[in-house]
Amino acid sequence: MTGKIIGTGSCMPVRVVSNQELSEHMDTSDAWIRERTGIRNRHIISGEETTTSLAAEAAGNAISMAGIDPEDLDLILLATSSSNTHVPAASCCVQQLIGAKHAACFDISAACSGFVFALITAQAYIRAGMAKLAVVIGADAISNLVDWEDRSSCILFGDGAGAVVVQATEEDIPFYGVMHTDSTKAGALLAKSRHQRIQPAMEETYLRMDGKEIFKFALTRVPQVIHEVLEQAGCGVEDVDLFLLHQANGRIIESVVKKLKVPPWKVPVNVDEYANFSAGTIPVLLDQLNRRGKLKRGQRLVLAGFGAGLAWGGSYIEWQMDRITGSEEG
Ligand code: UT7
């Protein structure tokens, strides 16, 4: 048994916050942010929007595309580190919202690597015969974690959610995945929990980041993990059709492209419009490419996530859906 992706979906918050808007509240500028990160806008939750509402909407869009009944789902995995509920898990709230009453639900907390880790976990359950139809979601509202007065970090982040439906199949479809964690560098990207008996100072619960350390880490580990997963798949970088990297920032992506020596058009980017919304970036990028008709059956995709932990992971997928033609939706 292997799992194949049969539907993708996403949901981005309605409110768009531009660099210009940020520069009205803090000492920064559109030029600085664009030059250092490639980011122009981020989407930020407002009104009734939450991590779980975005996650449920993204899952619902993926389920509609897959044409399945939510009651047939037996697993919901939600990668998030910014859930609006502490108990129960955010995935339980999603279950209720999408009516997947037979699914077992749990969250995966692996920050920006979360979606890749969750997809590998879903595949492992399917291969072990423990699940047949899963929805795997990456959703985050990092706007709740950042200190909006810390210009060195807040400008990088946003909110959003993406999802895929994975179905067990007897077909022999290659899937490979690798996951790594090095907690000796955990301090480079850190936010203390607000859910403790002895409350930490509010200040400590904001996301704090050593930008240079994260930059160095990404430039070393991302090419490494891509080579590692490709070695398992028995092919080289030249055999890959598309690399879907966590959209942390444009400069990291450009540097990885150079290190891998691949043409930039094989490494799609949407960080300019959405910034970094952690576990959600890879599935949203996947969904956008899919709905724009950029994916076709047989293409070889490599996904790579990296971030707090420090954690990083990669997966190799052979795409099994037919190319979508017609208008974009969801
Ligand atoms: O999922 C992982 C997420 N994390 C990342 O992707 C972070 C990776 N790191 C980076 O992309 C970069 O380190 C940053 C974009 C965060 C920062 O770029 P940098 O080239 O490392 O800048 P820096 O921290 O060395 O700061 C340079 C200057 C400083 O001023 P002085 O000391 O030279 O006068 C900062 O105070 O830029 C200043 N600065 C800003 N200026 C305008 C820092 N943030 C801002 C800002 N606007 N938002």
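## A buried loop residue with positive phi

Alanine 111 is buried, at a relative accessible area of 12%. This is a predicted model. The residue belongs to the loop that links strand E5 (104-108) to helix H5 (114-127). Its phi is near 50°, a positive value in a residue other than glycine. Most residues other than glycine have a negative phi. Alanine 111 counts as buried because its 12% relative accessible area is under the 20% cut-off.

Alanine 275 is another case. Its phi is near 60°, again positive in a residue other than glycine. The loop here runs between helix H10 (271-274) and helix H11 (281-291). Relative accessibility at alanine 275 is 0%, so the residue counts as buried.

## Helix H11 and what follows

Helix H11 is mostly covered, with 11 of its 11 residues buried. Among them are the nonpolar-named positions Ile282, Pro283, Val284, Leu285, Leu286 and Leu289. The buried set also includes Asp287 and Arg291, which count as charged. Thr281, Gln288 and Asn290 are buried too.

Just after H11 comes glycine 293. Its phi is positive, at about 75°.

## The ligand shell

Which residues come nearest to the ligand? Of the 20 residues around the ligand, they are Thr28, Arg36, Arg151, Lys212 and Asn249. By class, the shell divides into nine nonpolar, seven polar and four charged residues.

Three helices each supply at least two shell residues: H2 (30-37), H6 (151-154) and H8 (211-233). The largest share comes from H8, with four residues. The ligand itself sits in the second largest pocket.

## Polar contacts to the ligand

Threonine 28 places a side-chain N or O atom 2.7 Å from a nitrogen atom of the ligand. Arginine 151 offers a side-chain N or O atom at 2.9 Å from a ligand oxygen. For asparagine 276, a polar side-chain atom lies 3.0 Å from an oxygen atom of the ligand.

How much of the ligand does the protein bury? Taken alone, the ligand exposes 960 Å². The protein buries 73% of that area.

## Cis peptide bonds

Most peptide bonds are trans. Two cis bonds deserve a look in this model. One runs from valine 87 to proline 88, with omega near 0°. Proline 88 is in the loop between strand E4 (75-79) and helix H4 (90-98).

The other joins glycine 309 to leucine 310. Its omega is near -10°. Leucine 310 is found between strand E12 (300-307) and strand E13 (311-318), in the connecting loop.

## Pairs apart in sequence

Alanine 90 lies in helix H4. Its relative accessibility is 0%, so alanine 90 counts as buried. The C-alpha atoms of alanine 90 and leucine 78 are separated by 7.1 Å. Along the chain, these two residues are 12 residues apart.

Alanine 131 has its place in the loop between H5 and strand E6 (133-141). Is alanine 131 buried or exposed? It is buried, with a relative accessible area of 4%. Leucine 75 is 56 residues away from alanine 131 along the chain, yet their C-alpha atoms are separated by 6.5 Å.

Glycine 67 sits in the loop between helix H3 (51-66) and E4. At 63% relative accessibility, glycine 67 counts as exposed, because the cut-off for exposed is over 50%. From glycine 67 to isoleucine 6, the C-alpha to C-alpha distance is 8.7 Å. In sequence, glycine 67 and isoleucine 6 are 61 residues apart.

How values were computed. Residues are numbered from 1 along each chain as its sequence is written. This is a predicted model: local features need pLDDT of at least 70, side-chain atom pairs count only at pLDDT 80 or more; totals for chains, interfaces and linings use all residues. Side-chain values use heavy atoms; hydrogens and water are left out. A residue is near a molecule or strand if one of its heavy atoms lies within 4 Å of it. A polar contact is a pair of N or O atoms within 3.5 Å; within protein, one must be able to donate a hydrogen and the other to accept it, and residues adjacent in sequence count only if both atoms are side-chain atoms. Accessible areas come from the Shrake-Rupley method with a 1.4 Å probe; for residues, only the protein chains shown count as cover. On a 1 Å grid over the protein atoms alone, a cavity is a set of points where a 1.4 Å probe fits but cannot get out, and a pocket is an open set with protein on both sides within 12 Å along at least five of seven lines; lining residues have an atom within 4 Å of a point. A molecule sits in a cavity or pocket if more than half of its atoms lie within 2 Å of its grid points. Buried means under 20% relative accessible area, exposed over 50%, partly exposed in between (1.4 Å probe, protein chains only).
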